[in-house]
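Got the viewer open? Here is a short tour, one selection at a time.

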Amino acid sequence: MTATHPTHARSTAKREWAVGLMVFAAVMLMIGGILGIMRGIAAIAEDDVFVSTPNYVFAFDLTSWGWIHLALGAVAVLVSMGLFQASTWARVGGVGIAGLIIIANFLSLPAYPVWSVVMIAISGFIIWALCTVKKDDAWEPFEQTPSNP
């Protein structure tokens with residue numbers, strides 16, 4: 001029976017926690033991106049799913065919002081694929097794209113209020129998950145298991 005050193009056990013637990021947060025952020029960004037793509041397609045097709053509020057400060061064309069959400073969704077899906085490889089560029093890009101998704105959903109509140117609030121909350125969790133993980137804790141791709149001494 002081998003004894004595990006307490007420092008090694010803490011670093012393994014810290015790494016597992018970090019990897020879990022990164023996977024959470026990657027999955028949520030991919031889901032948000034796919035739903036953004038669908039929302040963009042629905043808005044471009046001028047579907048009747050969106051609410052019309054004529055006296056709102058941020059009045060934009062529904063087709064324009066569709067293209068914006070479609071583009072943000074596509075970039076979010078691409079960045080989430082990079083997050084599955086634990087790459088630093090994807091972490092930075094993930095924080096950036098989640099911030100842009102928050103802004104886009106805030107500005108499109110009159111067209112789809114409930115879903116915009118949900119996407120703002122999900123994007124906030126993505127930013128939190130990507131910013132709390134240190135590079136040293138999750139530097140290897142997710143499919144590799146931590147090595148035992």
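Start by selecting Val 27, Ile 31, Ile 34, Leu 35 and Met 38. Together they make a nonpolar patch on the surface, with about 390 Å² of accessible area between them. Keep in mind that what you have on screen is a predicted model.

Now click on Val 27 alone. Val 27 sits in helix H1, which covers residues 6-44. How exposed is Val 27? Its relative accessible area is 34%, so Val 27 is partly exposed.

**Zoom out**

Colour the whole protein by secondary structure. You should find 4 helices and 0 strands, and from the N terminus on the elements go α-α-α-α. Of the 149 residues in the protein, buried ones make up 37%.

Next, try the ranges that the UniProt annotation, from an unreviewed entry, labels "transmembrane region": residues 21-45, 65-84, 89-108 and 114-133. Select residues 21-45: the span is 96% helix and 0% strand, and its end C-alpha atoms lie 36 Å apart. Then select residues 65-84, a span that is 95% helix and 0% strand, with 29 Å between its end C-alpha atoms.

**Helix H2**

Select residues 62-83 to bring up helix H2. H2 has 22 residues and reaches 31 Å from its first C-alpha to its last, close to the 32 Å expected at 1.5 Å a residue. The buried residues in H2 include Trp 65, Gly 66, His 69, Leu 72 and Gly 73.

Stop at Leu 83, which also belongs to H2. Is Leu 83 buried or exposed? With a relative accessibility of 0%, under the 20% cut-off, Leu 83 counts as buried. Now show Ala 26 as well. Leu 83 and Ala 26 are 57 residues apart in sequence, yet their C-alpha atoms are 5.5 Å apart in space.

**Helix H3**

Move on to residues 88-107, helix H3. Its 20 residues should span 28 Å at 1.5 Å a residue, and the 29 Å between its end C-alpha atoms agrees with that.

Highlight Ala 90, Arg 91, Gly 94, Ile 97, Ala 98, Ile 101, Ala 104 and Asn 105, the buried residues of H3. Turn the view until you look down the axis of H3: these buried residues fall within an arc of 150°, so they line one face of the helix. Trp 89 and Val 92 are exposed, on the face of H3 turned away from that buried side.

**Helix H4**

For the last helix on the tour, select residues 113-132, which form H4. H4 has 20 residues and runs 29 Å from first C-alpha to last, close to the expected 28 Å.

Which residues of H4 are buried? They are Ser 116, Met 119, Ile 122, Ser 123, Ile 126, Ala 129 and Leu 130. Look down the axis of H4 and you'll see why they can be called a face: the buried residues fall within an arc of 145°, so they line one side of the helix. Swing round to the other side of H4 and pick out Val 114, Val 117 and Cys 131, which are exposed.

Finish on Trp 115, also in helix H4. Its relative accessibility is 25%, so Trp 115 counts as partly exposed. Add Asn 105 to the selection: the C-alpha atoms of Trp 115 and Asn 105 are separated by 8.4 Å, and the two residues are 10 residues apart along the chain. Asn 105 is one of the buried residues of H3 you highlighted earlier.

Conventions:
Residues are numbered from 1 along each chain as its sequence is written. This is a predicted model: local features need pLDDT of at least 70, side-chain atom pairs count only at pLDDT 80 or more; totals for chains, interfaces and linings use all residues. Side-chain values use heavy atoms; hydrogens and water are left out. UniProt positions are given in the numbering used here, feature names are shortened, and annotations may be inferred rather than shown by experiment. Helices (H or I, at least four residues) and strands (E, at least two) are DSSP runs, numbered from the N terminus. Patches are made of residues with over 30% relative accessible area and no salt bridge: like charges are joined within 9 Å, nonpolar side chains (Val, Leu, Ile, Met, Phe, Trp, Tyr) within 5 Å. Accessible areas come from the Shrake-Rupley method with a 1.4 Å probe; for residues, only the protein chains shown count as cover. A salt bridge is a side-chain nitrogen of Lys or Arg within 4 Å of a carboxyl oxygen of Asp or Glu. Buried means under 20% relative accessible area, exposed over 50%, partly exposed in between (1.4 Å probe, protein chains only). The expected span of a helix is 1.5 Å times one less than its number of residues. The arc is that of the directions from the helix axis to the C-beta atoms.
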